[in-house]
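Subject: Structure handover

Dear colleague,

Here is the structure you are taking over, with notes on what was found in it below.

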Amino acid sequence: MFERFTKGARAVVTGAVTVAEREGAPVVTEEHLLLALLDAEGTKAAFALRALGATDRRASLEEALAAARRRGGLSKADTDALAGLGIDVTEIVARVEEAHGPGALADDREDRTRRSGRRPFTREAKGVLEQSLRVCLGRREKSIGDEHLLLALTARPGVVAETLADHGVTYAAVEGTLGRSQSRSQTPGRGRSRGQG
């Protein structure tokens with residue numbers, strides 16, 4: 001599958017590993033893929049994220065993701081469902097952190113990099129890569145670009161998609177932005193300097 005990845009998509013995957021290393025994370029997650037997409041420049045996904053205002057709201061995105069990590073990776077929908085059963089996740093997090101320290105519920109599994117020498121991708125992060133292939137094929141495109149990774153992140157249920165949606169970055173919004181970008185680039189006269197035939 002990786003032979004179908006464009007240079008930009010490969011840069012996002014390696015960028016996600018770099019983000020995980022910088023954070024000292026034992027594994028590469030969906031969140032790391034998103035942060036690598038936010039770091040990208042001059043790509044279709046970078047254009048869509050900028051057009052939708054996500055790059056300007058990066059700090060807010062990171063805060064929302066950090067809050068979800070503190071909740072043990074529970075999405076707002078999960079938290080609301082538990083609240084409906086009378087379970088106050090905020091109270092549970094506070095009690096656990098009081099007893100075990102801040103971030104005690106964050107997913108800090110044993111560092112598996114010692115055995116393999118590299119950070120493995122979580123099942124969810126691998127799912128994003130697989131979903132990007134499905135998105136690419138569904139759009140009848142030959143190569144998997146970073147825009148397909150972004151669309152895959154918005155299409156998969158979970159904290160990252162929920163956080164993106166809360167910031168106006170949904171599958172439909174990204175697809176619409178990419179479509180507008182595509183139609184502008186195909187407008188006659190675009191991309192040509194005057195005098196070229």
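What covers the buried residues of α2? The cover includes α1, α3, α4, α8, α9 and α10, where the contacts behind such statements are heavy atoms within 4.5 Å. Buried here means under 20% relative accessible area, exposed means over 50%, and partly exposed lies in between (1.4 Å probe, protein chains only). Helices (H or I, at least four residues) and strands (E, at least two) are DSSP runs, numbered from the N terminus.

Some ground rules before the rest. This is a predicted model, in which local features need pLDDT of at least 70 and side-chain atom pairs count only at pLDDT 80 or more, while totals for chains, interfaces and linings use all residues. Residues are numbered from 1 along each chain as its sequence is written, and side-chain values use heavy atoms, with hydrogens and water left out.

Overall fold

The protein chain has eleven helices and zero strands. Of its 197 residues, 38% count as buried. Among contacts in the protein chain with a separation of 6 or more, 62% are between residues 24 or more positions apart. The accessible surface comes to about 11500 Å², and 49% of that belongs to carbon and sulfur atoms; areas come from the Shrake-Rupley method with a 1.4 Å probe, and for residues only the protein chains shown count as cover.

Helix α2 and the core

Nine of the ten residues of α2 are buried: E30, E31, H32, L33, L34, L35, A36, L37 and L38. L33 is also one of the residues with the most contacts inside the largest nonpolar core, together with L150, L153, V169 and V174. That core has 41 residues; a nonpolar core is a set of buried Ala, Val, Leu, Ile, Met, Phe, Trp, Tyr and Cys residues joined through side-chain atoms within 4.5 Å. Elements that give two or more residues to this core are α1 (7-23), α2 (30-39), α3 (44-51), α4 (58-70), α8 (123-138), α9 (146-155), α10 (159-166) and α11 (171-185). Leaving aside residues up to four places away in sequence, L33 touches V12, V13, A16, F121, A125, V128 and L153. In soluble globular proteins, nonpolar side chains tend to be buried together.

Salt bridges

There are eight salt bridges in the structure, each defined as a side-chain nitrogen of Lys or Arg within 4 Å of a carboxyl oxygen of Asp or Glu. R156 pairs with E30, with the closest N and O atoms 3.8 Å apart. This pair links distant parts of the chain, since R156 is in the loop between α9 and α10 and E30 is in helix α2, 126 residues apart. E30 counts as buried, at 13% relative accessibility.

K44 forms a salt bridge with E147, the closest N and O atoms being 3.9 Å apart. K44 lies in helix α3 and E147 in helix α9, so the pair ties together parts that are 103 residues apart in sequence. The two ends differ in exposure: K44 counts as partly exposed at 44% relative accessibility, whereas E147 counts as buried at 8%.

E62 and R58 meet in a salt bridge of 2.7 Å, N to O. Both lie in helix α4, four residues apart, about one turn of the helix. Salt bridges with shared partners join D39, R58 and E62 into one network. E62 counts as partly exposed, at 34% relative accessibility.

Helix α8 and the loop after it

The 16 residues of α8 should span 22 Å at 1.5 Å a residue (1.5 Å times one less than the number of residues), and its end C-alpha atoms are 22 Å apart, which agrees. Its buried residues are A125, G127, V128, L129, Q131, S132, V135 and C136. R140, in the loop between α8 and α9, has a positive phi of about 60 degrees although it is not a glycine. Most residues other than glycine have a negative phi. R140 counts as exposed, at 79% relative accessibility.

Surface patch

L85, I87 and I92 form a nonpolar patch on the surface, with about 280 Å² of accessible area together. Patches are made of residues with over 30% relative accessible area and no salt bridge; like charges are joined within 9 Å and nonpolar side chains (Val, Leu, Ile, Met, Phe, Trp, Tyr) within 5 Å. I92 lies in helix α6 (residues 89-100) and is partly exposed, with a relative accessible area of 41%.

Regards
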